[in-house]
Every structure is written in C-alpha cells, then in structure tokens.
Amino acid sequence: MSNDLDETPRGSEQPPTTFARKLKFIGPGLIVAATGVGAGDFIMSALAGAEFGWALMWAIIGGAAIKLILSEGIGRWYLATGKTFLEGWHSLGWVATGYFGIYVVVFGLIYGAALPAVSALILTAMFPGPPFWLWAILSALAGFFLVWFGRYAVLEKAMTIFVALMFVTVVGSAVVILANLGTVDYSLAPSVPEGSFLRILGVIGGVGGTITLTCYSYWIHAKGWIGKQWIPMMRFDITSAYIITSIFAVSVLIIAAELLFGSGITIAGNEGLVGLADSYGDRFGSTARWALLIGIWAAIFTSILGPWHGVSFLFADFVRIIRDAKRKETSSHQSITEQDPYFRIYLAWMTFPPMLLLLIERPLAIVLAYGIMGAIFMPLLSIGLLYLLNSKRVDPEYRSGKINNTLLVLIVLLFVYLGGSELYSTIVG
C-alpha cells in the first residue's frame, strides 16, 4: 500500500476478522488517542490523584469512554458514507462551516504556542543549559519537519514508538509505585468526595482530545480503510486505543495519589508536571525521575505531532469544501495529500507565527476567542453527530441506536456545563 492519500487505498482488501490480525491493523485510533493525551490530561489526572487519592479513577475511565463514543461516531460516519466529518459538518449550514474555519485558524495560533512551550518546560528540566524559548522553537520545528517530509506511515510509526515509550515509563512508574505502596487506604469504589464536583468535570472533559477527534476520518483513509466492511475493525481500533489512554491516565493518577495525597502538596499549572517528576525522583532516585520526565515529554510531543498533521488535513479539506461551494462543483477529499499547498500553509501557520507568542504576552483578544470557541466546540460536535448519524445519508443498520443517542445527549449536557464554566473563567479570569 502506498502511504500517500492521492493513491488508491486498500479499500478492496478484506478487513481482518481474528483478534490477532486485528491487532496488526491498529493505527489510526492510536494516533487520535495519543494526540489527545497531553499536558491537560497529565495535570487533571495528577490533580485528581493529589487531592482525592484513587476516588476519581472512575471519572478518568468515563472521560475516555466519552471520547471513544465521539471518535467511533466520526469513524462510523466516514466509513458508512464515504464523506469526511467536515463534509457532514458543512451540510449543517454556513454558520457551522464559518465557525469551524475561524476556530481552526485561532486554534493553530494558540495551540501552536502552548504545546511547544510545555515541551520546552519538560526539556528544560532534563537539560537545563539552553534557554526555554530555544527548546520551544526546536520542539515546534521537530513537529514541522517530521510532518513536512513524512507521510501517514511515518506518523503512525512515530506515534507507535512514542506511545510505547509513554507506556513503559509512565505505566512502569505506576507499577513501581504499586509495588512500594504506602499505608494510605485507597478506595476504588466510585464516589463523589466532598468538593470534588468541578474536578470530576475537569477530568471527564479533559481526557483524550477535542478538535483532533475530527481528524480520525483522514487517518482512517490514509490507513486504507474504505467502506462499511471496515466498521468492525474501526471499532476495535478506537476501543483498543482508548483502553491504552485510560491505563495511561489512571497511571498518572496513581503516581500523584501515592506521592502527594494527604501531603498538603499540590501541583499547579504545567510547572506541576516537573514537580511531580521531582517528587517521584525524591522517592525512587534520579533515574526514576528521568524515566517519568521522558514519559511526560513523549506524551506532550505526540500532542504536537498529531495536530500538526491531522489539523493540517482538516484545514486543507475546509478550503476544498469552500472552493467547491463557490465553483458549484464537487471534488474528492482523496485529492488532498501532505503536498497540498493548503496543508503546508496551515502546517507553517501552526509552527512559525506562534513562536512570537513565546516571546511576548499573548494577545488577550486571541486567547478570549480561543476560549469561547473551544468552550462550545465539543457540544457542537456531539450535536452534529446526533444529526448526521441519524440522517438518511447513513444506512439504517449503521445509524445510532437508542443507547448511543442517549449517551450523545448526555455528552452534550455535560459539555454545555463544562463549556459554560470554561467560558466564564476565560472572561472573568
């Protein structure tokens, strides 16, 4: 199979049916799940562990389940209709399309500054010589060049390596913690400790990505999965990926719970990630500290690499849809490759202008716009899936059932609350 999206994918190949063969085909789900695991997941899981021990472990698993439901819906829409999620989104009207276009532009500027900065924070802790801004720029450039000169196969291999690195270091650190468990009495029974409600909402809303979920259809296509016969494989792929995400986030909670729960010490902001590794090093030595820092950095870098690739495809697809609407013609998303000029324009947009935000105060208007649009994106995504996956464009056997629709409605209500809280904190704070 060719790795380029402009080549004919393996749509005619029969999907695997055995468990062993399905394992060999896993890829797109791993990318979307690994992309969603970043600084926010680390911080929210660590805060939950530091403040409430193991009591909120169920919230982490619930958060991963929500993103699994949304990702499965995006994958099912694509395989059942042959249309990307953005094509379906455009059918909701020009307001939805315009919102998405503005959001993706602002997302590139803010996200393009934030994630390299967090990467630089971790690298500075490991290699304190070079200045912070240099590590941030190098992190952004590393993502840029890997995507510019790479293809989907390169991305998948790189993500697999980073996920394996994350798993060995972070999950391994949790195993070490469990093997040397202290005398703190942890409860695994699902509960809502006093004062934990907002933390629960943050954990549920923070595990596993936001706009990058919509990139799933492009990675499915790049893998060569075309047609309804691939839906069972897609479900296996995305379920396996979010099981890994859950294990990873739970491991962070376990580490923070054992090191910080009941100590009166907490973590705040991205700097807390380094503090967590320092506490782990104080307990188990400098080698252990290094291992955890490497795992944290690997998680951060996957959150650079994935969006640099996937959201660039989203932007190129957005331009294609707008261009087709103006020309009153229809073209295929299969014509979009990593060489597409708009793919590369957006890749450069995410890399270079955000570097200025590392040197100056972030403009308040941009941050405010990003906060407002980000706060309402997830409920809109859920509403969009509710509409699309129950429409006549999807064959009856692949439409959402009562259980799936109920879960999507509950997700909408949850994210309306989360979005309102974030919007309030963005405006007031």
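Which elements each supply at least two residues of the lining of the second largest cavity? In this predicted model, the elements that do so are α7 (132-149), α8 and α13 (286-327). The cavity in question encloses about 50 Å³ of space, and its lining is made up of Leu 146, Val 147, Gly 150, Arg 151, Val 154, Leu 155, Leu 305 and His 309. When these residues are sorted by class, five are nonpolar, two are polar and one is charged.

This cavity belongs to a set of four cavities of 30 Å³ or more that a search of the whole structure finds. The largest cavity has a volume of about 80 Å³, and the residues around it are Leu 30, Ala 33, Ala 34, Val 37, Val 163, Met 166, Phe 167, Ala 241, Ile 244, Thr 245 and Phe 248. Two or more residues of this lining are given by each of α2 (28-36), α8 (152-179) and α11 (231-260), with the largest share, four residues, coming from α11. In terms of class, the lining of the largest cavity comprises 10 nonpolar residues and one polar residue, and no charged residues are found in it.

Of the elements that border the largest cavity, α2 is mostly covered, nine of its nine residues being buried. The buried residues of α2 are Pro 28, Gly 29, Leu 30, Ile 31, Val 32, Ala 33, Ala 34, Thr 35 and Gly 36; among the residues that line the largest cavity are Leu 30, Ala 33 and Ala 34.

Helix α8 gives residues to the lining of the largest cavity and also to that of the second largest cavity. The packing of α8 against another helix, α10 (residues 216-223), can be described in turn, the two helices meeting at an angle of about 110 degrees with their axes 10 Å apart. Because angles of 65 to 115 degrees count as roughly perpendicular, α8 and α10 are therefore roughly perpendicular to each other. On the side of α8 the contact is made by Tyr 152, Leu 155 and Glu 156, and on the side of α10 by Trp 219, Ala 222 and Lys 223. By class, this contact of α8 with α10 has four nonpolar and two charged residues, and no polar residues. Leu 155, which takes part in the contact with α10, is also one of the residues that line the second largest cavity.

Elsewhere in helix α8 lies Ser 173, which is buried, with a relative accessible area of 3%. If residues up to four places away in sequence are not counted, Ser 173 touches Val 168, Ile 255, Tyr 280 and Leu 292.

Turning from cavities to pockets, the second largest pocket holds about 250 Å³ of space. Its lining consists of 14 residues, of which Lys 83, Glu 87, His 90, Ile 321 and Thr 330 are the closest to its centre. At least two residues of the lining of this pocket are supplied by each of α4 (57-81), α5 (85-90) and α13, and the largest share, four residues, comes from α13. The residues of the lining of the second largest pocket divide into three nonpolar, five polar and six charged, whereas the lining of the largest cavity has no charged residues. Helix α13 thus appears both in the lining of this pocket and in that of the second largest cavity.

Note on methods. Residues are numbered from 1 along each chain as its sequence is written. This is a predicted model: local features need pLDDT of at least 70, side-chain atom pairs count only at pLDDT 80 or more; totals for chains, interfaces and linings use all residues. Side-chain values use heavy atoms; hydrogens and water are left out. On a 1 Å grid over the protein atoms alone, a cavity is a set of points where a 1.4 Å probe fits but cannot get out, and a pocket is an open set with protein on both sides within 12 Å along at least five of seven lines; lining residues have an atom within 4 Å of a point. Grid points are joined across faces, edges and corners, and a volume is the space filled by probe spheres set on the points. Ala, Val, Leu, Ile, Met, Phe, Trp, Tyr, Cys and Pro count as nonpolar, Asp, Glu, Lys and Arg as charged, and the others, Gly among them, as polar. Axes are lines fitted to C-alpha atoms, for helices over the stretch in contact, and angles run from 0 to 180 degrees between N-to-C directions. Angles under 35 degrees count as roughly parallel, over 145 as roughly antiparallel, 65 to 115 as roughly perpendicular and the rest as oblique. Contact means heavy atoms within 4.5 Å. Buried means under 20% relative accessible area, exposed over 50%, partly exposed in between (1.4 Å probe, protein chains only).
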